[in-house]
Amino acid sequence: MARSSKETNAESEMTIPSLFVDSSISHHYANHRHAYSEEVFQIIIDYCRDTIQDLDLAVDVGCGPGNSTVGFTKYFKQVVGVDISGSQIALAPKHIPNCEFRVGCATNLDFLPAASADLVSCGLAFNLLPKNE
Ligand SMILES: C[S@@+](CC[C@H](N)C(=O)[O-])C[C@H]1O[C@@H](n2cnc3c(N)ncnc32)[C@H](O)[C@@H]1O
């Protein structure tokens with residue numbers, strides 16, 4: 001039977017782009033997605049340092065298996081990766097002390113205190129986020 005273009009995560013009732021529901025796709029993505037170069041993180045950090053003195057918290061939404069997240073850990077005290085797909089988050093690294101990963105929608109970051117993030121990043125996922133939210 002053909003898959004619908006969107007499926008719902010029963011636990012959270014969140015809509016997940018169907019490509020990343022399937023754990024075999026997530027494994028494929030994690031194994032073959034190129035890493036971002038250090039230069040990309042450096043450009044973002046230089047930009048942040050123009051206006052922010054202490055880099056306390058970065059939140060990377062649509063983080064996938066952490067490709068776009070982990071590079072921030074050497075600059076920020078705390079880094080949180082958020083992705084709507086549990087199978088993507090399952091493949092994110094668990095051994096980095098100042099980095100945690102959570103299943104959740106980018107448009108609902110209520111677990112964070114208001115105005116606590118110094119940076120909210122989104123790598124190759126913005127086009128997938130719900131519009132108008
Ligand atoms: C192309 S991957 C990008 C992963 C990673 N940021 C990177 O640069 O490799 C897009 C990711 O966005 C996630 N995603 C899609 N809609 C989302 C939403 N509403 N909230 C959070 N993550 C979402 C998908 O599950 C997928 O892991």
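## Exercises around strand β3

Strand β3 is joined to β4 by 5 bridges, and the two run parallel. Here strands (E, at least two residues) and helices (H or I, at least four) are DSSP runs, numbered from the N terminus.

The model is predicted: local features need pLDDT of at least 70 and side-chain atom pairs count only at pLDDT 80 or more, while totals for chains, interfaces and linings use all residues. Residues are numbered from 1 along each chain as its sequence is written.

**Exercise 1. List the elements of the protein chain from the N terminus on.**

*Solution.*
- Begin with the totals: the protein chain has 3 helices and 6 strands.
- Then walk along the chain to read β-β-α-α-β-β-α-β-β.

**Exercise 2. Work out the strand order of the open sheet of 4 strands and find its edge strands.**

*Solution.*
- Use the pairing rule: two strands pair if DSSP finds at least two bridges between them.
- The order is then β5-β4-β3-β6, with parallel pairing.
- The edges are β5 (99–103) and β6 (119–122), each of which pairs on one side only.
- For the turn between neighbouring strands, the average is 20°, direction ignored. The axes behind this angle are lines fitted to C-alpha atoms (for helices over the stretch in contact), and angles between N-to-C directions run from 0 to 180 degrees.

**Exercise 3. Find the partners of A58 and D60 on the strands beside β3.**

*Solution.*
- Strand β3 covers residues 57–61, and 4 bridges join it to β6, again in parallel.
- On the β4 side, A58 has V79 as its bridge partner.
- In β6, A58 stands opposite L119.
- D60 has S121 of β6 as its bridge partner.

**Exercise 4. Is β3 largely enclosed or not, and which residues have the most contacts inside the largest nonpolar core?**

*Solution.*
- Start with the burial scale: a residue is buried if 20 or more other C-beta atoms lie within 10 Å of its own, exposed if 12 or fewer, and partly exposed in between, with C-beta atoms placed from the backbone.
- Of the 133 residues in the protein chain, 26% are buried.
- In β3, 4 of the 5 residues are buried, so this strand is largely enclosed by the rest of the structure.
- A nonpolar core is a set of buried Ala, Val, Leu, Ile, Met, Phe, Trp, Tyr and Cys residues joined through C-beta atoms within 7 Å.
- The largest such core has 19 residues, and A58, V59, V61, C63, V79 and V82 have the most contacts inside it. Two or more residues each come from β3, β4 (78–83) and β5.
- Look at V82 as an example. Contact means C-beta atoms, placed from the backbone, within 7 Å. Leaving aside neighbours within four places in sequence, V82 touches V59, V61, C63, R102, G104, A106 and L109.

**Exercise 5. Locate A115 and L124, and decide whether each is buried or exposed.**

*Solution.*
- Most residues other than glycine have a negative phi.
- A115, not a glycine, has a positive phi near 55°. This residue lies in the loop between β5 and β6, and it counts as exposed because 6 C-beta neighbours lie inside 10 Å.
- L124 also has a positive phi, of about 55°. Its place is in the segment after β6, and with 12 other C-beta atoms within 10 Å it is exposed.

**Exercise 6. Which residues come nearest to the ligand?**

*Solution.*
- Being near means that a C-beta atom, placed from the backbone, lies within 6 Å.
- Of the 22 residues around the ligand, G62, G64, S85, G123 and A125 come nearest.

Definitions and conventions:
Two residues are in contact if their C-beta atoms, placed from the backbone, lie within 7 Å.
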